[in-house]
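Me: I am new to this structure. Could you take me closely through a single part of it, and show how that part sits among its surroundings?

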Amino acid sequence: TALFNFQSLLLVIILLVCTSTYVHQLLPAILDRNKDGLMGIFWKCARIGERLSPYVSICCVLMAFSMLVGN
């Protein structure tokens, strides 16, 4: 149901970016050799997380605040 709820979709995207960036920091060879195809999505998310890390962290804080406050 994350596709139909905008807040859940944003949460999934933020978690995907954060997780891909973390995995790329630990094991860069895995994501660097798979830049194309389905695994290329994780490589692109890792790039977004590396280059826009202040904005991604602000989004994480805002999402956490919105989850705590609730709808």
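Reply: A residue is called buried when its relative accessible area is under 20%, exposed when it is over 50%, and partly exposed in between (1.4 Å probe, protein chains only). The model is a predicted one, in which local features need pLDDT of at least 70 and side-chain atom pairs count only at pLDDT 80 or more, while totals for chains, interfaces and linings use all residues. Residues are numbered from 1 along each chain as its sequence is written, and side-chain values use heavy atoms, with hydrogens and water left out.

The whole chain comes before the part. The protein chain contains four helices and zero strands (DSSP runs numbered from the N terminus, with H or I over at least four residues for a helix and E over at least two for a strand). Read from the N terminus, its elements follow the order α-α-α-α. Along the principal axes, the C-alpha atoms occupy a box of roughly 40 × 25 × 15 Å. Of the 71 residues in the chain, 18% are buried. Contact here means heavy atoms within 4.5 Å. Among contacts between residues at least 6 apart in sequence, 56% link residues at least 24 apart.

The part chosen for a close look is helix H3, residues 40-51. Its 12 residues should span 16 Å at 1.5 Å a residue, and its end C-alpha atoms are indeed 16 Å apart; the expected span is 1.5 Å times one less than the number of residues. Gly40, Trp43, Cys45, Ala46 and Gly49 are the buried residues of H3. Their cover includes helix H1 (6-26), helix H2 (28-32) and helix H4 (53-69).

Gly40 belongs to H3, and its relative accessibility of 2% is why Gly40 counts as buried. Apart from neighbours within four places in sequence, Gly40 is in contact with Asn34 and Lys35. The loop between H2 and H3 also holds Asp36, which counts as exposed because its relative accessibility is 68%. Between the C-alpha atoms of Asp36 and Leu9 there are 24 Å in space, and the two residues are 27 apart in sequence.

How does H3 lie against H1? Two packed helices are described by the angle between their axes and the distance between the axes. The axes of H1 and H3 come within 7 Å and cross at roughly 90°, being lines fitted to C-alpha atoms over the stretch in contact, with angles from 0 to 180 degrees between N-to-C directions. H1 and H3 are therefore roughly perpendicular to each other, a term for angles of 65 to 115 degrees.

On the H1 side, the meeting residues are Leu16, Val17, Ser20, Thr21, His24 and Gln25; on the H3 side, they are Ile41, Phe42, Cys45, Ala46, Arg47, Ile48, Gly49 and Glu50. By kind, the residues of this contact are seven nonpolar, five polar and two charged. Ala, Val, Leu, Ile, Met, Phe, Trp, Tyr, Cys and Pro count as nonpolar, Asp, Glu, Lys and Arg as charged, and the others, Gly among them, as polar.

Thr21 gives a view of this contact from the side of H1, the helix in which Thr21 is placed. Its relative accessibility is 14%, so Thr21 counts as buried. Not counting residues up to four places away in sequence, Thr21 touches Cys45, Ala46, Gly49 and Glu50. Cys45, Ala46 and Gly49 are among the buried residues of H3.

H4, which is included in the cover of the buried residues of H3, has 17 residues and reaches 24 Å from its first C-alpha to its last, close to the 24 Å expected at 1.5 Å a residue. Val61 lies in H4 and is exposed, with a relative accessible area of 58%. The C-alpha atoms of Val61 and Tyr22 are 17 Å apart in space, for residues 39 apart in sequence. Just after H4, Gly70 adopts a positive phi of about 90°.

Terms used:
Parallel < 35°, antiparallel > 145°, perpendicular 65-115°, else oblique.
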